[in-house]
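Biologist: I have a new model open and some time before my next gel. Can you walk me through it?
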Amino acid sequence: MKYQKGVGLTEVIVAMFLLGGAVLGYAFLQFKSLEMSDQALKKVEAMNIARNLGERMFVNKNIKYQDITFSSANINTCRVSGSTLTACSQENLARKDLADIERLADQKGMSFDIHVCPGTANGRQCIYVAWDDTQATQGEEDNDCTDEDTFRYKANARCVVVEAF
């Protein structure tokens, strides 16, 4: 009877497959971890954009921001002299605020919009900030942020919604 000395080829191949599977599993976990941290960073940035706009809306609370139309061409109607804002109506200030936030959102690859919050009798405004393929809208499409009537996030939506007071 012969006794085997050392390791057989079959055992080496099985061990390599097991080690390869473990390495692939670890690489997959690392990839998912990076993806989740990227989404967490985008969520924090979106919350900062929404909070920034919410604070501006609070200061200029006599204007319904969702009714304002703006473009980057009309933001220069408000002038700052030192630390004082001069020659600016409330509507022009709202236009400037929206243009500033749009520029900030564009720099981060995000979009934003303002809608009336669903299910509120007082017409409270909600700030939607979205990124990736999600649209900052309410609706029935798969890439909308929330349902139109129920104020519920869509599955796989990449957005945040903040109520403005």
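Modeller: Start with E140, which sits in the loop between strand 5 (135-138) and strand 6 (144-146). Helices (H or I, at least four residues) and strands (E, at least two) are DSSP runs, numbered from the N terminus.

Biologist: What should I know about the model before we go on?
Modeller: This is a predicted model: local features need pLDDT of at least 70, side-chain atom pairs count only at pLDDT 80 or more, and totals for chains, interfaces and linings use all residues. Residues are numbered from 1 along each chain as its sequence is written, and side-chain values use heavy atoms, with hydrogens and water left out.

Biologist: Back to E140. Buried or exposed?
Modeller: E140 is exposed, because its relative accessibility is 56%. Buried means under 20% relative accessible area, exposed over 50%, partly exposed in between (1.4 Å probe, protein chains only).

Biologist: Which residues gather with E140 in a patch?
Modeller: E141, D142, E148 and D149 join E140 in a surface patch of negative charge. Patch members have over 30% relative accessible area and no salt bridge; like charges are joined within 9 Å, nonpolar side chains (Val, Leu, Ile, Met, Phe, Trp, Tyr) within 5 Å. Accessible areas come from the Shrake-Rupley method with a 1.4 Å probe, and for residues only the protein chains shown count as cover. Asp and Glu count as negative, Lys and Arg as positive; His and the chain ends are not counted. Each charge is placed at NZ of Lys, CZ of Arg, CG of Asp or CD of Glu.

Biologist: New topic. How many salt bridges are there?
Modeller: The count comes to 13 salt bridges. The rule is a side-chain nitrogen of Lys or Arg within 4 Å of a carboxyl oxygen of Asp or Glu.

Biologist: Which residue does E91 pair with?
Modeller: E91 forms a salt bridge with R95, with the closest N and O atoms 2.8 Å apart. Both lie in helix 2, 4 residues apart, about one turn of the helix. That helix covers residues 90-107.

Biologist: Why is R95 called buried?
Modeller: R95 counts as buried because its relative accessibility is 17%. E91 has 37%, so E91 counts as partly exposed.

Biologist: What other side chain does R95 touch?
Modeller: N92, through a polar contact of 3.1 Å. That term means a pair of N or O atoms within 3.5 Å; within protein, one must be able to donate a hydrogen and the other to accept it, and residues adjacent in sequence count only if both atoms are side-chain atoms.

Biologist: And where does D100 come in?
Modeller: D100 and K96 meet in a salt bridge at 2.8 Å, N to O. They are 4 residues apart in helix 2, so about one helical turn separates them. D100 is buried, because its relative accessibility is 12%. Salt bridges that share partners link R56, K96, D97, D100 and R103 into one network.

Biologist: Any odd backbone angles?
Modeller: D132 has a positive phi of about 60°, though it is not a glycine. Most residues other than glycine have a negative phi. D132 lies in the loop between strand 4 (125-131) and strand 5. N156, also not a glycine, has a positive phi of about 65°. The loop between strand 6 and strand 7 holds N156.

Biologist: Last one. How far apart are F165 and T10 in space?
Modeller: 69 Å, C-alpha to C-alpha, and 155 residues apart in sequence. F165 is in the segment after strand 7 (159-164).
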